[in-house]
Protein chains: 4
Amino acid sequence: MLLELQPYSEKPIYEQLMLEIKRGIVTGELVPGEALPSVRMLATDIGINMHTVNKVYKQLQQAKVLVKKKNGFIVNPEPLKPTEDAMTGISERIYELMIEKALYGITDDEVLFLMKNVNLTRKEH
Amino acid sequence: MLLELQPYSEKPIYEQLMLEIKRGIVTGELVPGEALPSVRMLATDIGINMHTVNKVYKQLQQAKVLVKKKNGFIVNPEPLKPTEDAMTGISERIYELMIEKALYGITDDEVLFLMKNVNLTRKEH
Amino acid sequence: MLLELQPYSEKPIYEQLMLEIKRGIVTGELVPGEALPSVRMLATDIGINMHTVNKVYKQLQQAKVLVKKKNGFIVNPEPLKPTEDAMTGISERIYELMIEKALYGITDDEVLFLMKNVNLTRKEH
Amino acid sequence: MLLELQPYSEKPIYEQLMLEIKRGIVTGELVPGEALPSVRMLATDIGINMHTVNKVYKQLQQAKVLVKKKNGFIVNPEPLKPTEDAMTGISERIYELMIEKALYGITDDEVLFLMKNVNLTRKEH
DNA sequence: GTGGTCTAGACCACC
DNA sequence: GTGGTCTAGACCACA
């Protein structure tokens with residue numbers, strides 16, 4: 001999986017990386033059971049600190065997105081069930097989205113259009 | 001308008017307050033043209049610092065949600081049009097939402113259900 | 001001279017009033033030597049505080065725009081020569097204008113166009 | 001970039017600083033993409049409080065003059081387009097300038113002369 | 001009374 | 001090291 005971070009963006013690197021890995025899984029660039037690069041490898045590969053990669057892997061393990069094996073992390077081979085934390089996060093996003101939508105008078109159709117047209121292969125986010 | 005903040009949340013107080021005011025406008029608890037409580041009043045009312053409230057009012061003024069008059073702030077009497085910045089933020093939210101949705105195998109219908117059933121009077125967010 | 005202030009605008013009333021009087025002189029609504037309404041009259045007329053009117057008259061007297069007579073203020077019957085203060089203020093405005101112009105890449109022609117098309121009879125300012 | 005503020009001016013420090021930074025960009029003392037001094041560094045350097053510098057950087061970021069990266073602020077590498085707010089401000093300045101000009105009988109040529117001869121390296125403003 | 005500005009000092013997140 | 005947030009308290013302009 002190729003991933004590109006924007007090192008000078010305003011978004012924290014660890015958030016970018018976490019989102020990128022999730023994106024990779026969703027698009028199939030990372031398949032269930034597939035091994036992730038080692039912390040050290042990935043860190044040097046994309047030129048960030050080991051601690052940052054470590055933090056991301058740990059958090060994704062905590063979210064059951066990754067599973068820790070003896071020799072590193074793999075993508076969880078089991079299909080993910082929405083955890084309570086995940087649902088809370090999603091509800092939170094939707095809650096705020098609905099407020100912004102209503103505040104600016106954006107229509108349902110416009111939101112649906114945006115949802116249907118999300119481009120997961122492009123990374124300008 | 002009654003509002004409650006969660007002082008120990010990881011979300012900054014000022015963001016919570018900003019969202020609460022937007023929520024108030026969307027639900028009609030705050031009507032266009034209505035005066036907001038003074039910076040200092042609201043601050044002591046909800047037990048936070050004046051500067052924090054000030055920051056919120058200023059940012060909402062910048063976003064054209066509030067309008068500053070000589071004697072305080074009022075809700076913008078004009079309906080809001082989505083600014084470019086607002087749309088960027090909304091697209092960003094949708095992008096991340098779609099990734100989480102796909103990652104946890106949540107269906108379109110479930111998302112739509114959550115969107116239709118957002119409870120704007122509930123404040124647990 | 002008819003003058004309208006925007007009592008709830010963000011611009012201080014005394015500045016609005018001062019500018020309005022200057023505008024009246026420039027457009028000829030107020031002619032040199034003409035008596036201005038008494039402080040008390042003007043204040044009740046436009047519904048503002050006497051102190052505010054007083055402050056404006058005093059400052060305009062200081063700037064030699066108005067002249068104090070026994071029975072009140074009149075528009076200076078002598079044509080105004082640019083005072084040092086006036087020139088300083090004007091230079092200051094031009095200085096800032098030129099910076100904004102250069103910063104946003106606005107052309108000379110656009111600025112000249114705006115200057116030629118200032119509408120002094122309209123008061124939306 | 002050297003800059004001097006006038007602590008006893010009636011113009012707020014943060015406005016002076018904001019103008020100075022814009023001036024720096026316009027004159028080329030600050031080039032697109034260049035990093036600005038850190039908030040705290042600049043503050044101690046010019047003897048003002050950190051929060052005042054912070055406010056300036058934030059407002060300039062909002063105006064797209066500066067861009068925030070993870071490790072600080074840089075001058076926006078992209079050329080600026082005049083925003084609606086910027087144009088409103090410029091029109092306002094021109095409106096008042098035209099009134100002062102007419103009031104003091106200053107000629108078009110004199111104004112043009114002043115505009116052509118603004119000294120952006122001089123800081124007595 | 002209102003908001004605006006400025007200072008001082010604290011703690012936190014990110015890298 | 002960087003900026004972000006929050007608090008506390010002061011003084012000022014405007015009406």
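**Close-up views of a predicted model**

**Figure 1. Residue character and origin of the surface near DNA strand E.** In this predicted model, the residues of the surface near DNA strand E comprise 10 nonpolar, 9 polar and 3 charged. Of the 22 residues around the strand, those that come nearest are A:I13, B:S38, D:P12, D:I13 and D:N49. At least two residues of this surface are supplied by each of the following elements: α1 (13–27) of chain A, α2 (39–46) and β2 (72–75) of chain B, and α1 (13–27) and α3 (50–62) of chain D. The largest share, 3 residues, belongs to α2(B).

**Figure 2. The contact between chains C and D, seen from the residues of chain C.** Chain C gives 31 residues to the contact, and chain D gives 32 residues. On the side of chain C that touches chain D, α1 (13–27), α4 (84–103) and α5 (108–116) of chain C each provide at least two residues, and the largest share of that side, 15 residues, comes from α4(C). By residue character, the side of chain C that touches chain D divides into 21 nonpolar, 4 polar and 6 charged residues.

**Figure 3. The surroundings of C:L60 in chain C.** C:L60 lies in helix α3 (residues 50–62) of chain C, and it counts as buried because 21 C-beta neighbours fall inside 10 Å, where the cut-off for a buried residue is 20 or more. Leaving aside residues up to four places away in sequence, C:L60 touches C:M18, C:I21, C:V65 and C:L66. C:M41 stands 19 residues from C:L60 along the chain, and the C-alpha atoms of these two residues are separated by 18 Å.

Note on methods:
Residues are numbered from 1 along each chain as its sequence is written. Chains are lettered from A and ligands numbered from 1 in the order in which they are written. This is a predicted model: local features need pLDDT of at least 70, side-chain atom pairs count only at pLDDT 80 or more; totals for chains, interfaces and linings use all residues. A residue is near a molecule or strand if its C-beta atom, placed from the backbone, lies within 6 Å of it. Helices (H or I, at least four residues) and strands (E, at least two) are DSSP runs, numbered from the N terminus. Ala, Val, Leu, Ile, Met, Phe, Trp, Tyr, Cys and Pro count as nonpolar, Asp, Glu, Lys and Arg as charged, and the others, Gly among them, as polar. Two residues are in contact if their C-beta atoms, placed from the backbone, lie within 7 Å. A residue is buried if 20 or more other C-beta atoms lie within 10 Å of its own, exposed if 12 or fewer, and partly exposed in between; C-beta atoms are placed from the backbone.
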